[in-house]
Each structure stands twice: as C-alpha cells, then as structure tokens.
Amino acid sequence: MAKLDIVGVGPGLADYVTPAARKAVEKADLVIGAQRSLALFCEVKGEQVVLTAKNLQDTLKKAAEAIKADKNVALLSTGDPGFSGLLHTVLESGLFNTNNIQVVPGVSAIQACAARLNISWDTAILFTFHEGKISEEQKNKLGSAVQYGQNILLLPDQKSFTPKDIATFLLKKGVNPKTPVYICENITLENEKITQNTLEGVASQSFGSLCVMVIKQTSR
Ligand SMILES: C[S@@+](CC[C@H](N)C(=O)[O-])C[C@H]1O[C@@H](n2cnc3c(N)ncnc32)[C@H](O)[C@@H]1O
C-alpha cells in the first residue's frame, strides 16, 4: 500500500539528515518540501513540488490523490515532524487515512540547541509559539514555568510572539530581569549564532526568524 512518509530533515545541515530520511525520499514518487528542505537531497527520482505557505492545502490534496493512485509520497518537514511540524497539519487536514501515514523522525532544532548548550532536555519544558499557537493559557504556563526556575526551550513566532515580545511579557509578569537567556539562531547552519543574554537584554533586541529561545536556569 502506498504511504505518506512525513520525513524529518533536521535543523538544516545535511549531516543531520538520517539514512532513514534519505531512503524515504529515494523510494518516493512525489517529494514535497520547502526549498531549503529539498536542497538537502542531491538525488531525487520522484516528482518534486516546492511547498509554500500559499500552496499548502492544494499540495496536500495532490499528495492525497497520489496516494490513492498508489504512489509513495515523501513530505519533508524541518526538524522533527512531531514538534511544531507537518504531522499536525497533515492530521488536521483530514485528507489521509492514518494507516497510510508514517513518520520518519528527525533531529529537532530544539534538540540541536539543547545539545549545543549541554542541556539535558528530559527536565526542560518545551513550548512552541510558532504559527499562532499563542493562547493566554500557553503564555501563562510559560510564565509559571520560568518563575518555577525550570529550563525552557521554546520556538518563538516571528510575527506575533518574538523573543523580544516574550521577554517583555515575562518582565511584566515580574520575572527577574537578570534571568539568563540564550538565543540560538540558524543552528547547525553556516551562520549559526548563539548569544548569551538576559531577559532585560532580549527585551530590547531583535533576532532572525530561524531561532530558538532558551531560558537556562539550572545546570542540567
Ligand atoms: C515550523 S517550526 C518547525 C520546527 C521543527 N519541526 C523542529 O522540530 O525543529 C519552524 C521554527 O523552528 C525553529 N528552527 C528551525 N530550524 C532552526 C534552526 N536551524 N535554528 C534555529 N531555529 C530553528 C525556528 O523557530 C523556526 O521558526
């Protein structure tokens, strides 16, 4: 039976693309992904479709039709598909039978940052505010976790909840302005930049779109 492989392609550097991801792409009749994800694969035999925010729904429909026609589809998702990735989008679309979906895990940007900063992420709290996942409840959960002194790894939203907005929100909640923060930009890429800062420092600066914000309060 044809499958939709939702393939995690890692944080950006080709070294972090797993052999399992390469195999899924090799066997696919149709390979769908953002330009920067497709560029990680030198030899793609199947048809390629560049995924954009505008063509997302039409492309998912095309993928569903391809599967009905017994063609294997690889849908590339940056990092890991299950962390603020395309798994959620696919499940929500209702276009696919879950028996036809297979997730190929990838290295999340969150994991890559934890590794860079020697954070044991089993005790860290993970948040994503990416693409509008910003409710008052989520923001308040973040505030409580920071006040509780936990390590936080989070994906900001470049439009509506940037690192600057997050720092400003936490300061308003009464969090210590000297709380240590790391901003990890373009992790694993040539222009990788990790900046050590404080909440009050981040509240007055802007950062690039490919970034993870880390609030590191314990040595673990
Ligand atoms: C749609 S989310 C995808 C997250 C992905 N599924 C993961 O597990 O890493 C995209 C966000 O992930 C973060 N991100 C992805 N790659 C990154 C990298 N190389 N360096 C820093 N942040 C990255 C950025 O916050 C970006 O806006």
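## A tour from strand to ligand

Start by selecting Thr128 and Leu155: Leu155, in strand E7, is the bridge partner of Thr128. Before moving on, keep in mind that this is a predicted model, in which local features need pLDDT of at least 70, side-chain atom pairs count only at pLDDT 80 or more, and totals for chains, interfaces and linings use all residues. Residue numbers run from 1 along each chain as its sequence is written. Helices (H or I, at least four residues) and strands (E, at least two) are DSSP runs, numbered from the N terminus.

**Stop 1: strand E7 and its partners**

Now widen the selection to strand E6 (residues 125-128) and E7, which pair in the parallel sense over four bridges. Two strands count as paired if DSSP finds at least two bridges between them. Next add E10: with E7 it pairs in the antiparallel sense, over three bridges. For an example, pick Ile152, whose bridge partner in E10 is Ile215.

Which residues of E7 are on each side, and are they buried or exposed? Ile152 and Leu154 are on one side, Leu153 and Leu155 are on the other, and all of them are buried. A residue is buried if 20 or more other C-beta atoms lie within 10 Å of its own, exposed if 12 or fewer, and partly exposed in between, with C-beta atoms placed from the backbone. In a regular strand the side chains alternate between the two faces of the sheet.

**Stop 2: Ala124, just before E6**

Select Ala124, in the loop between H5 and E6. Ala124 counts as buried because it has 24 C-beta neighbours inside 10 Å. Leaving out residues up to four places away in sequence, Ala124 touches Ala114, Ile119, Asn151, Ile152 and Leu153. Contact here means that the C-beta atoms of two residues, placed from the backbone, lie within 7 Å. Add Gln150 too: Ala124 and Gln150 are 26 residues apart in sequence, yet 6.5 Å apart in space from C-alpha to C-alpha.

**Stop 3: the nonpolar cores**

Show Cys113, Ile152, Leu153, Val212, Met213 and Val214, the residues with the most contacts inside the largest nonpolar core, which has 33 residues. Helices H5, H6 (136-147), H7 (163-172) and H8 (199-202) each supply at least two residues of this core, as do strands E7 (152-155), E8 and E10. Such a core is a set of buried Ala, Val, Leu, Ile, Met, Phe, Trp, Tyr and Cys residues joined through C-beta atoms within 7 Å. Click on Met213: not counting residues up to four places away in sequence, it touches Leu154, Pro156, Pro163, Ile166, Val181 and Ile183. A second, separate core has 26 residues, including Val17, Ala24, Ala28 and Leu30.

**Stop 4: strand E1**

Move to strand E1 (residues 4-8). Five of its five residues are buried, so E1 is largely enclosed by the rest of the structure. Leu4, Ile6 and Gly8 point one way from E1, while Asp5 and Val7 point the other way. E1 runs parallel to strand E4 (residues 73-77), joined by five bridges, and parallel to strand E5 (residues 101-104), joined by four. To see these pairings, select Asp5 opposite Ala74 in E4, then Ile6 with its bridge partner Val103 in E5.

**Stop 5: two domains**

Color the chain as domain 1 (4-107) and domain 2 (110-215); these bounds come from an automatic or database domain assignment. Their C-alpha centres lie 27 Å apart. Seven residues of domain 1 are in contact with nine residues of domain 2.

**Stop 6: the ligand**

Which residues are closest to the ligand? They are Gly79, Gly85, Ser108, Ala109 and Ile187, among 24 that surround it. A residue belongs here if its C-beta atom, placed from the backbone, lies within 6 Å of the molecule. Domain 1 and domain 2 each give at least three residues to this shell. Helix H5 (109-116), strand E8 (180-185) and strand E10 (211-215) each supply at least two.

**Stop 7: two unusual backbones**

Most residues other than glycine have a negative phi, and most peptide bonds are trans. Finish with Ser84, in the loop between E4 and helix H4 (86-93): its phi is positive, about 50 degrees, although it is not a glycine. Ser84 is buried, with 23 other C-beta atoms within 10 Å. Asn186, in the loop between E8 and strand E9 (193-198), also has a positive phi of about 50 degrees without being a glycine. Asn186 is partly exposed, with 18 other C-beta atoms within 10 Å.
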